[in-house]
Amino acid sequence: MPGGPMAEATSDAPAPPRRPFAMARSGRLTGLVKLLLAVAVIVALWQAIIFWWQVPAFIAPTPGAVAGAFVSHFQEIVSSIAYTLRSVLLGMGLALILALILAGLFTLSPLLSRALLPLVIILRTAPILAIAPILILIFGRGLTTSIAVVVMVSFFPIMVNAAKGLGSTPPNALELMRVAGATWGQTFHKVRLPYALPYVFTGIRLASAGAVLSAMLAEWLSGAPGIGTFILEASSYRDQPRMWAGVVTSVISAVAFFALTTQAERRLAG
Amino acid sequence: MSDITLSDVGMMFDIGHRKITALRGIDAVLPSGSFTALIGPSGCGKSTLLRLIADVLAPTSGEIRIGDHAPDAARKRHEIGFVFQDPTLLPWRSVVENIRLPVEVAGQPAARQPEELVELVGLKGFEQARPAQLSGGMQQRVAIARALALSPKVLLMDEPFGALDEITRQKMNIELLNIWRETGTTAVLVTHSISEAVFMADRVLVLSANPGQVADRIDIDLPRPRALDLMQDPAFHAHENAVRAALFSGERTAA
């Protein structure tokens with residue numbers, strides 16, 4: 001190593017004052033540039049692999065063919081992804097409400113927590129594939145079944161994290177509310193819930209990563225007209241460009257949804 | 001009237017299958033509007049006694065009255081102010097919003113405007129600051145202002161200035177005495193500083209440990225208002241010595 005630690009120290013010294021300046025000037029722009037660069041690299045790699053190994057079109061289409069399919073099926077793709085995202089949003093919202101209610105009840109009574117938690121875990125570990133026919137029987141082949149599946153998958157990580165967050169209130173803050181003569185509801189709303197928000201958002205983030213996929217799973221089983229069904233149909237026609245147009249759309253939506261929850265977390269719990 | 005009356009108060013804790021007697025046979029009357037200091041070795045139950053008065057804990061024997069009522073009635077009527085060892089501010093609320101918390105909980109009009117309390121504790125200009133932007137001493141002032149927001153009949157303080165340096169601590173003590181005189185609340189201060197106890201209180205209850213009992217009660221008949229030069233006074237030293245003697249005789253009995 002030429003120079004040794006001394007040279008390293010002197011070459012590092014002027015760096016810190018420069019960095020924040022550069023970041024402040026182009027913080028948002030570099031984020032967008034990075035994203036576009038990443039997309040460009042993926043598309044280029046995709047094209048390169050197909051070109052190099054001469055992958056036949058019935059296994060993987062070229063980016064150009066997928067873009068073409070995207071344009072020609074644009075309206076169908078938009079209405080499909082809107083359908084799926086609607087079930088994701090409604091499902092996540094319902095899961096959040098149910099998770100907060102149950103986690104709140106758990107802080108009220110440890111006995112209830114010990115009685116109900118095994119039941120919740122059973123519901124979570126049972127394969128959706130097995131439960132779906134029952135859900136379809138109850139809720140039909142429409143949006144409600146998709147919502148129910150999203151709720152079942154999302155509920156658990158939100159509930160576990162919310163319960164942990166609601167249980168982690170500083171004891172002094174609870175004593176403060178008690179001395180102030182606060183009701184259970186006031187303590188929950190003014191102290192417990194705000195202290196738990198970072199945990200709740202961790203749960204939402206964990207759940208959001210899988211929420212789009214679980215909505216698509218529900219569509220494969222129920223045939224509801226979302227992006228999952230769009231992909232399945234294209235696949236059964238061996239229409240690879242159309243299928244990949246659907247897959248790319250669902251992946252972008254899932255990433256966007258994940259980014260949205262991360263942003264919301266920064267705003268509300270940062 | 002809000003005298004605090006303690007009759008034969010005892011407190012036992014279950015630790016596993018062992019019972020520990022934290023307090024035994026505490027008898028005392030703290031007259032309305034007086035200032036009492038509780039002092040004793042660590043583990044003598046002085047913080048526990050404060051929490052019994054605040055109805056955070058319930059005594060396992062004996063009775064506590066605040067005025068004519070049980071502590072839980074006083075608590076539910078929002079008549080108790082409590083200052084903890086650490087400020088216990090809600091980090092997402094500003095100074096004014098933290099002070100307003102008991103008012104929101106009580107759902108009554110504020111006895112004193114939060115802005116006025118900010119001025120009383122000497123934090124004018126910091127109304128919108130977050131707790132993280134304040135020093136330890138300033139945070140504790142916010143905690144005191146919050147405890148005063150509903151003009152409580154009883155002000156309970158658990159070593160409120162324990163974490164502060166000596167200079168800040170003495171300044172805060174003088175401010176606290178001014179506030180107490182102005183509000184006429186019945187004050188109870190837990191401390192482990194002999195000079196702080198003598199400087200602040202009308203009477204000092206000396207507790208001994210294992211189990212916590214009242215070892216002695218020393219009346220401090222020094223004139224008010226009190227200023228820092230009182231600490232040079234021979235009478236002040238005489239009271240300090242009396243408290244020290246009571247503390248160490250308690251130690252001997254315990255050993």
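Ala, Val, Leu, Ile, Met, Phe, Trp, Tyr, Cys and Pro count as nonpolar here, Asp, Glu, Lys and Arg as charged, and the others, Gly among them, as polar. By that scheme, the lining of the largest pocket comes out with 23 nonpolar, no polar and no charged residues. This is a predicted model, so to speak of local features takes a pLDDT of at least 70 and side-chain atom pairs count only at pLDDT 80 or more, while totals for chains, interfaces and linings use all residues; side-chain values use heavy atoms, with hydrogens and water left out. Residues are numbered from 1 along each chain as its sequence is written, with chains lettered from A and ligands numbered from 1 in the order in which they are written.

**Confidence in chain B**

- Chain B has a mean pLDDT (the predictor's confidence in each residue, from 0 to 100) of 90, and 97% of its residues reach 70 or more.
- Among the elements of chain B, strand β3 (residues 35–39) has the highest mean pLDDT, 96, and helix α8 (residues 234–254) the lowest, 83. Helices (H or I, at least four residues) and strands (E, at least two) are DSSP runs, numbered from the N terminus.
- Where pLDDT is low, the predicted coordinates should not be read in detail.

**Pockets in chain A**

- Some ground rules: on a 1 Å grid over the protein atoms alone, a cavity is a set of points where a 1.4 Å probe fits but cannot get out, and a pocket is an open set with protein on both sides within 12 Å along at least five of seven lines; lining residues have an atom within 4 Å of a point.
- Grid points are joined across faces, edges and corners, and a volume is the space filled by probe spheres set on the points.
- The largest pocket has a volume of about 670 Å³.
- Its lining takes in 23 residues, and Val39(A), Ile42(A), Val43(A), Val248(A) and Ile252(A) are the ones that lie nearest the centre. Two or more lining residues each come from α2 (15–53), α3 (63–72) and α11 (240–269) of chain A.
- With nine residues, α2(A) gives the largest share of the lining of the largest pocket.
- Domain 1 (4–53) and domain 2 (63–269) of chain A each put at least three residues into that lining; the domain bounds come from an automatic or database domain assignment.
- The second largest pocket holds about 310 Å³ of space. Ten residues line this pocket, with Gly31(A), Leu35(A), Val255(A), Ala259(A) and Gln263(A) closest to its centre.
- For the second largest pocket, α11(A) supplies the largest share of the lining, six residues.
- The lining of the second largest pocket splits into five nonpolar, three polar and two charged residues.
- Domain 1 and domain 2 of chain A both give residues to the lining of the second largest pocket, so this pocket lies between them.

**Cavities**

- There are two cavities of 30 Å³ or more.
- The largest cavity has a volume of about 140 Å³. Of the 13 residues that line the largest cavity, Ile80(B), Gly81(B), Pro102(B), Arg146(B) and Ala147(B) are closest to its centre.
- Three residues from β5(B) make up the largest share of the lining of the largest cavity, and by class that lining has ten nonpolar, two polar and one charged.
- The second largest cavity has about 40 Å³ of space and is lined by Val121(B), Arg141(B), Ile144(B), Met172(B), Glu175(B), Leu176(B) and Ile179(B).
- Four residues of that lining come from α6(B), the largest share, and the class split is five nonpolar, no polar and two charged.

**Helix packing in chain A**

- The axes of helix α4 (residues 74–108) and helix α7 (residues 143–166) of chain A come within 6 Å and cross at roughly 35°. Axes are lines fitted to C-alpha atoms, for helices over the stretch in contact, and angles run from 0 to 180 degrees between N-to-C directions.
- By class, the contact of α4(A) with α7(A) involves 23 nonpolar, six polar and one charged residues.

**Backbone oddities in chain B**

- Most residues other than glycine have a negative phi, and most peptide bonds are trans.
- The bond from Asn210(B) to Pro211(B) is cis, with omega near -10°, and Pro211(B) sits in the loop between β8 (203–208) and β9 (213–219) of chain B.
- Arg224(B) to Pro225(B) is also a cis peptide bond, with omega near -5°; Pro225(B) is in the loop between β9 and α8 of chain B.
- Asp8(B), found in strand β1 (residues 4–15) of chain B, has a positive phi of about 50° although it is not a glycine.
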